[in-house]
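Colleague: Could you take a close look at one helix and what it packs against, and then walk me on to the aromatic rings and the ligand? Keep it informal, please.

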Amino acid sequence: MRRNRSDGWVRQLVAEKVLTPADFIWPVFVKEGGAQKEPVPAMPGVNRLTVPALLKAAEQAAKLGIPMLSLFPYVPKEKKTEDARESYRADNVIGKAIRALKKAVPEIGIMSDVALDPYVSHGQDGLERGGRILNDETIEVLIKQSLALAEAGCDVVGPSDMMDGRIGRIRDALDAAGFQHVKIMAYSAKYASNFYGPFREAIGSKSALGRADKRTYQMDPANGDEALREAALDVAEGADMLMVKPGLPYLDVLWRMKEAFKMPTFAYQVSGEYAMMKAAAANGWLDNDKCVLETLMCFKRAGADGILTYSAIEACELLKKL
Ligand code: PBG
């Protein structure tokens, strides 16, 4: 076995997978006003950006060959309400960002999350009544949010809310409104994970959520078969692409999903995964650059067609140096 590992050229020759900038979706946090860039403490190297700063970042990403950005809003407390009405206001921060991006950097794809957590005062992904997260009532708001995104020029909507039946309802609503071309990337297997902590800080939903969790709608980490049932429903309801989230601890789920459906399937290397590598590197315990490229390659090996990663830009720069 070692003959094919003897030198760089032969390792390259026999490599089963390659990693390229075209594999990356770059999640970016957008905010209104204030400093152009505001660091997210638990995610060293990640900033919340104003729209002008976002345009510059998007240009850089496009130049590097990254096909798509995924936008997340930072919503100040005073705009969070019980009914999440800010989520579908045409001129909210995401609407503004998409319109500006489509004008300034039309060559890059734009995806954005469909879920209510940045916009509700309690930080859950859906509407709440009497301690319960309402399924069907939430979907009505998600539809409005999806239509607002499509209206702004969003290419891919990413329902990350885990309500039942939302993919079909969103598909129908998009089609009826003339948005047949808008794609849906379903967060099909989204687990109730503790690795989302830094993200919740980045979008300002952490304190809103408090000690509550999302286990009545996000999946139990114990379950793999259930992820396939989730994905089967999303495929039947019209999803164009599937996603598994978080990433590395769920590679088995990714592999099974890709094998079962042969759909374009993506993995989300989430905020906590990013933070772990950065923290260990800051202590001198890991080599961040090498670990970033290794983990991203592992997603490819496990069947991912692409990876949502906060390391997208640094990974592109690292790939150039290989
Ligand atoms: C919101 C959403 C979350 C993430 C993406 N969309 C957090 C959550 O469900 O609480 C997590 C991303 C990350 O941790 O990087 N629905």
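**Helix H4 and beyond**

Modeller: Sure. The buried residues of H4 pack against helix H3 (93-104), strand E5 (109-114), strand E8 (156-159) and helix H5 (166-176). Bear in mind that this is a predicted model. H4 itself covers residues 135-152, which makes 18 residues. From its first C-alpha to its last it reaches 26 Å, close to the 26 Å expected at 1.5 Å a residue. The buried residues of H4 include Ile139, Val141, Leu142, Ile143 and Leu149. Some polar residues are also buried there, among them Thr138, Gln145 and Ser146. Toward the end of the helix you find Ala148, Ala150 and Ala152 buried as well. Just after H4 comes Gly153, with a positive phi of about 110 degrees.

Now for the rings. A pair of aromatic rings is described by the distance of the centres and the angle of the planes. With centres counted as paired within 6.5 Å, the model has 8 aromatic pairs. Take Phe29 and Phe72: their ring centres are 6.1 Å apart and their planes sit at 45 degrees, so this pair is tilted. Phe29 is in strand E1 (residues 24-30) and Phe72 in strand E4 (residues 68-73), so the pair links distant parts of the chain, 43 residues apart. Both Phe29 and Phe72 are buried.

Tyr187 and Tyr268 form another tilted pair, because their planes are at 45 degrees, with the ring centres 6.3 Å apart. Tyr187 belongs to strand E9 (residues 183-190) and Tyr268 to strand E11 (residues 265-269), so parts 81 residues apart in sequence are tied together. Tyr187 counts as buried because its relative accessibility is 1%, and Tyr268 also counts as buried, at 1%. Ring pairs link both tyrosines into a cluster with Phe29, Phe72, Phe199, Tyr274 and Tyr310.

Tyr196 is worth a look for its charged neighbours. The charged end of Lys190 sits over the Tyr196 ring, 5.6 Å from its centre. Lys245 lies over the face of Tyr196 too, at 4.4 Å from the ring centre.

That brings us to the ligand, since Lys245 turns up there again: 18 residues surround the ligand, and the closest are Arg200, Lys214, Lys245, Ser271 and Tyr310. Tyr310 is also a member of the ring cluster. As for polar atoms, a side-chain N or O atom of Lys214 is 2.7 Å from an oxygen atom of the ligand. On the nitrogen side, a polar side-chain atom of Asp125 lies 3.0 Å from a ligand nitrogen, and a side-chain N or O atom of Ser160 is 2.9 Å from a nitrogen atom of the ligand.

Methods:
Residues numbered from 1 in each chain as written. Predicted model: local features only at pLDDT ≥ 70, side-chain atom pairs only at ≥ 80, totals over all residues. Heavy atoms only, no water. Phe/Tyr/Trp six-rings, centres within 6.5 Å; stacked < 30°, edge-to-face > 60°. Helix = DSSP H or I, 4+ residues; strand = E, 2+ residues; numbered from the N terminus. Buried < 20%, exposed > 50% of the residue type's maximum accessible area, 1.4 Å probe, protein only. Lys NZ or Arg CZ within 6 Å of the ring centre and 35° of its normal. Expected span 1.5 Å × (residues − 1). Contact = heavy atoms within 4.5 Å. Near = heavy atom within 4 Å. Polar contact = N/O pair within 3.5 Å; in protein donor to acceptor, adjacent residues only side chain to side chain.
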